[in-house]
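Subject: Handover of a structure and summary of findings

Dear colleague,

Please find below the structure that I am handing over to you. I would be grateful if you could read the notes that follow with the sequence and the model open beside them.

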Amino acid sequence: MVEPVPETISFTSEEEKILQFWNDKDCFYECLKQSKNRPRYTFYDGPPFATGLPHYGHILAGTIKDIVTRFAHQSGFHVDRRFGWDCHGLPVEYEIDKSLGIKGPEDVAKMGIAEYNNQCRKIVMRYSNEWEVSVKRMGRWIDFKNDYKTLYPWFMETVWWVFKQLYDKGLVYQGVKVMPFSTACNTPLSNFESHQNYKDVQDPSVIVNFPLLENEGVSLIAWTTTPWTLPSNLALCVNPEYLYVKVKGENKEKSLPFCKQPSFLFLLRFPGKVLKGKKYKPLFQYFAKCAEKGAFQIVLDNYVKEEEGTGVVHQAPYFGADDYRVCTDYNIIQKDQAPICPVDASGCFTPEVTDFAGQYVKDADKNIIKWLKEHGRLVNASSFKHSYPFCWRSDTPLIYKAVPSWFIRVENMVEKLLDNNGKCYWVPEFVREKRFGNWLRDARDWAVSRNRYWGTPIPLWVSDDYEEVVCVGSMAELEELTGVKVTDLHRESIDSLTIPSRCGKGVLRRVTEVFDCWFESGSMPYAQVHYPFENRKEFEDTFPADFIAEGIDQTRGWFYTLLVLSTALFGKPPFKNVIVNGLVLASDGQKMSKRKKNYPDPGLIVQSYGADALRLYLINSPVVRAENLRFKEEGVRDVLKDVFLPWYNAYRFLVQNVQRLQKEENIQFLYNENTAKQSDNIMDKWIQSFTQSLIQFFKAEMDAYRLYTVVPRLVKFVDMLTNWYVRTNRRRLKGESGSEDCVWALETLFSVLFSMCRLMAPFTPFITEMMYQNLRHLIDPASVEEKDASSIHYLMLPQVRENLIAKRIESAVSQMQSVIELGRVIRDRKTLPVKYPLKEVVVIHQDPEALKDIQSLQKYILEELNVRQLTLSTDKDRYGIRLRAEPDHMVLGKRLKGAFKSVTASIKSLSNEQLEAFQKTGTIVVDGQELHEEDLRLMYTFDQSSGSAAQYEAHSDSQVLVLLDVTPDQSMLDEGVAREVINRIQKLRKKAHLVPSDEITAHNDFILATTKAPLLPFPVPKLALKGSDLEFTIVKGSSTPKISLNGPACAYVNIKVKVNNKDQEGVVLLENPKGDNRLDLDKLKRVCGSIFGTNSNIRLFNGGSELTSKTDLQSLSGKTLVATSASSCPGSVSGDSLLCPYVNLMLCNAQPSECQTGEVGTLLLLNPVGKNGLDYSHLHYEVAKVFGLRGRRLKLYLDQDFNQELPADSSLKCLDTKTLL
């Protein structure tokens, strides 16, 4: 049975209960079990490190993955969701180095690799429990039991297999390459790693002179921001095309590029190529003997630019990629020679550099500058701010350094990479073409080796001269070659194993390097299933993956390594679809920093607002479009306030009224989509159509992975449901327009809420589960297709019911909403609360069809704006309305600059006709400048001579113009004050947790507090209150009825039904109360269907004549009609006396509500004949309902003096033809 819904809710507490429910029912694994025979949807989860706690970036990416995989399951797929852990590499080693004080390789050698790796193994899963708790608390369903870790031997074995495939294809080579190098971690980094952490830094900037040997009085001057590379200088490079000048100044001659002319005496101008081959005096003597091989000469290359420096670039070939290339081209160095690289793995100068030996290179800068100054080689020293790469793990500056490494050839497969990238669907699309595409076009060979310890060892066994190389691709192959069976593949287990040489070179030993951890994560599609050693068919049937997602920083990380390995191995992309998210920054736009504490702890945010709120905040933001998000806690709070609470209140309102229907009218509510009758109420049709359009849009956009279009529509839908549908149908939902209409409204609201829960389930899994666990008791079990429907996450998405989509109705309601919203703006502008009624709202629209739509919804416009009259027009001139334009100063000021002032004056003088033409076309030329919609703001103003300016206030959007008559009216001010009193009383009722049927007593002091005026005995003079004369009278009862009644107060017809050989008799009231709710022919037929159980295809006859839509039904009052499905009247009828007993009603001391005006009505005590007899317990409810006062406790009297109240034990049979007051 459906449970009552409390008025207040703690979303976090409810989420904890749902977590427990999922855990108790093992919901995630049950979900996987249910879907095991469905088509497969493949998802790869990039492995995070467990050496740190999850942050907002992890939560965001995890939420995106959870949403898409939940949606795939709801769409009929089986989705394996395995969590993975990145266990090797720098993140782990750096933590150990810090904790054990390890400075370099020597310290590791003393400890031993086995112990070092043992220490790494101990901390690798340090925060795994916290990760699991955090991931589950965020509502993400993913398999931790069947996870993969990159340290598992079977995972490492597949990594070996991947490498061997590349080796056998000739894609692996060893070389020396200048690479980004982390001195803190003693290892090179790949290019994509080096791009992950750039910072703006101040570096020393020095200009140094290099005297020519042919004339030491003439020097070239070169600029550098890395003075520590100067001891390794072997050449100078100039651009052959630039013009350089020889100048004289300060008793010296210098060569400078012509584009960098200082205020010196010019001696000569010449192109850079003239300098080729000239020798110069070395700065230092450490490598002076290199002059014999061509060092210390001027070389040419176009990479020298004029934007920075002097146009002369000093060359240290083992510390710069361009330097290495240029010096190799000029044979100053050879690829196979010993590198001239006097810097060790810790970034300290080796003994070769005698003056600075042992100094860390960055610290040595100042000493080098001092040396240059002392030896007359320093021209200028200053500082220079620029962007510089830092190690992504240690946060220390990188240097560029030549190191021997093992490489994967990537440059020769660039075209294939671009082709495969083109086969992937990227969201947003620009990432594929721009950021990722540009990175691929400039792809360089990938250095996959690291001079480290804790990682998957590179499976190469080599002879001492490296001429014999064996690549091992599996543990079985290793056992075959070494004769030793191993169960672990880490260095301590295999470094000692040797392979006999087949070429007589003794034994082969394994190279010392391990794989870059990015090589492991790029291998995860294959390694997570131990391919090809196991699961071969399963993998090949589901590769490439259907979906992956990560942050935009992974365009140079995981996305890249996946694509390189997949292209090299299989020639195809590794994934079909990818969502790329932006970065989550602190509220000030800075990177989130634990040290700065510039962001709220994610755990505390979830604790305060709940996981659903955080999920929806992140997903409904620019970050899903690969833009950055400035995280603000108030944004999460606003999700609760603006989305969840209104949604929850709509759900609570539904349950309240379902329970009321069951309790007060004994109608059991059970929803069955297949059998529910379609409502004829326009707002029911609208919300149903809007819902089906949303489902249609939702499926299309989710299939296209465009979460950034879906979530705003879902959030907007909450607003439409709560602020429009529920708000405008509250009385219907409460049963004030009859039980049948109430059931229609409740079925509509239930249908919409149930559909919404299923749509929102992937996004907000907790609140949807909470609502569903209660709502499911209102679902007819016969309508449930799923075998197990005990969780909302087992249900499939709702199917689009296209027959319910009515775009014309959606358009009409949209027009109505525009009118109401514009009217509210006017009220706010004039400080006119809605409780104070106004005379008239005028709606001006150029489209007559739109005006018809607005007319059809007049009732809602009048209610929502609290106005008496709606006037529609296509003629704004009739009301003296004119258009005027104001320039957007910020936009036009920037663009027009000096012309802005004159153009502004011309804009303000544009005529109404010119601006109307601009409205239609969107462009206008003013003073020769073409202006567009974003340049101008159009506003409506009144022609002061028309007289409308004082009467009306106007507001508009691009389609419709709304005028409100804001002239004060005394009777309306009076009603406003009365509404104020009612409003205060209702707030107190709510505060006291009263339901509508609870009786209350309004005390004097409360009314006094509201009216700010004392209550006096009647009669009293009128009291001035808020500019209104309030006459507040408390009376016992009224004097006498206004009229005396003979017969039924309302027009009626007797109905004799002859359908399917079955005869029935009854009565239909043609109005009730008198003058209200008058029936036309269609409504009469529907009412007959409700009373007698006939369909709407019946025909009605008066005598022998069939009723048509033109028949005046009121003129038939008292007649007897025949209802039949036959084409002609089956015979004559006699007798026009009322067939059913009735009682007349007269409303005293109260005003009818729900847009009713009649104060006299009729209530049938039996209908049809012999059925549905009314008893005393339901009499009060039915009486109140007639006058739209459901919820008001009315007293019923038999006499005009209100002395004789109807007794509770009255027999209603004796009331026939009487009048109740």
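The notes below set out what was found, beginning with confidence.

The model is a predicted one. Across the chain the average pLDDT is 84, and 91% of the residues reach a score of at least 70. Confidence is highest in helix 8 (residues 153-168), at a mean of 96, and lowest in strand 11 (residues 252-257), at 48. The pLDDT is below 50 over residues 253-261, a stretch that nevertheless has 41 contacts in the model beyond near neighbours in sequence. Residues 1032-1042 also have a pLDDT below 50, and this stretch has 20 such contacts.

I turn next to the nonpolar cores. The largest of them has 152 residues, and those with the most contacts inside it are L614, F631, F644, W647, W686, L707 and F763. Helix 22 (residues 633-665) supplies the largest share of this core, with 14 residues. A second, separate core has 79 residues, among them Y148, L171, L398 and W558. In general terms, nonpolar side chains tend to be buried together in soluble globular proteins. Returning to L707, residues up to four places away in sequence are not counted in its list of contacts, which consists of I64, I67, V68, I579, I619, V624, M702, P712 and F763.

The aromatic residues deserve a separate paragraph. The structure holds 63 aromatic pairs. One of them, formed by W228 and F319, is edge-to-face, with 5.1 Å from centre to centre and 80° between the planes. W228 lies in the loop between strand 8 (215-224) and strand 9 (235-238), while F319 lies in the loop between strand 14 (312-315) and helix 10 (321-329), so the pair ties together parts that are 91 residues apart in sequence. Both rings belong to buried residues: W228 has a relative accessible area of 3%, and F319 has one of 8%. W686 and F690 form a tilted pair, at 5.7 Å centre to centre and with 45° between the planes. These two residues are 4 apart in helix 23, and are therefore separated by about one helical turn. W686 is buried at a relative accessible area of 1%, and F690 is buried at 13%. Elsewhere, ring pairs link W161, Y526, Y531, F539, F543 and F570 into a cluster.

Charged side chains also lie over aromatic faces. K145 is placed over the face of Y29, 4.3 Å from the ring centre. K199 lies over the face of F390, at 4.9 Å from the ring centre.

Two local regions complete the account. In helix 30 (residues 858-865), the buried residues are Y860, I861, L862, E864 and L865. They pack against helix 23 (682-703), helix 24 (707-728), helix 28 (807-829), strand 29 (838-845), helix 29 (848-856) and strand 30 (867-873). After helix 30 comes N866, which has a positive phi near 55°.

R1192 is found in the loop between helix 38 (1176-1186) and strand 46 (1219-1220). R1192 is partly exposed, with a relative accessible area of 47%. Leaving aside residues up to four places away in sequence, R1192 touches A1150 and A1184. From R1192 to Y1181 the C-alpha to C-alpha distance is 8.8 Å, and the two are 11 residues apart in sequence.

Yours sincerely

Terms used:
Residues numbered from 1 in each chain as written. Heavy atoms only, no water. Buried < 20%, exposed > 50% of the residue type's maximum accessible area, 1.4 Å probe, protein only. Contact = heavy atoms within 4.5 Å. Core = buried A, V, L, I, M, F, W, Y, C linked by side-chain atoms within 4.5 Å. pLDDT = per-residue confidence, 0-100. Phe/Tyr/Trp six-rings, centres within 6.5 Å; stacked < 30°, edge-to-face > 60°. Lys NZ or Arg CZ within 6 Å of the ring centre and 35° of its normal.
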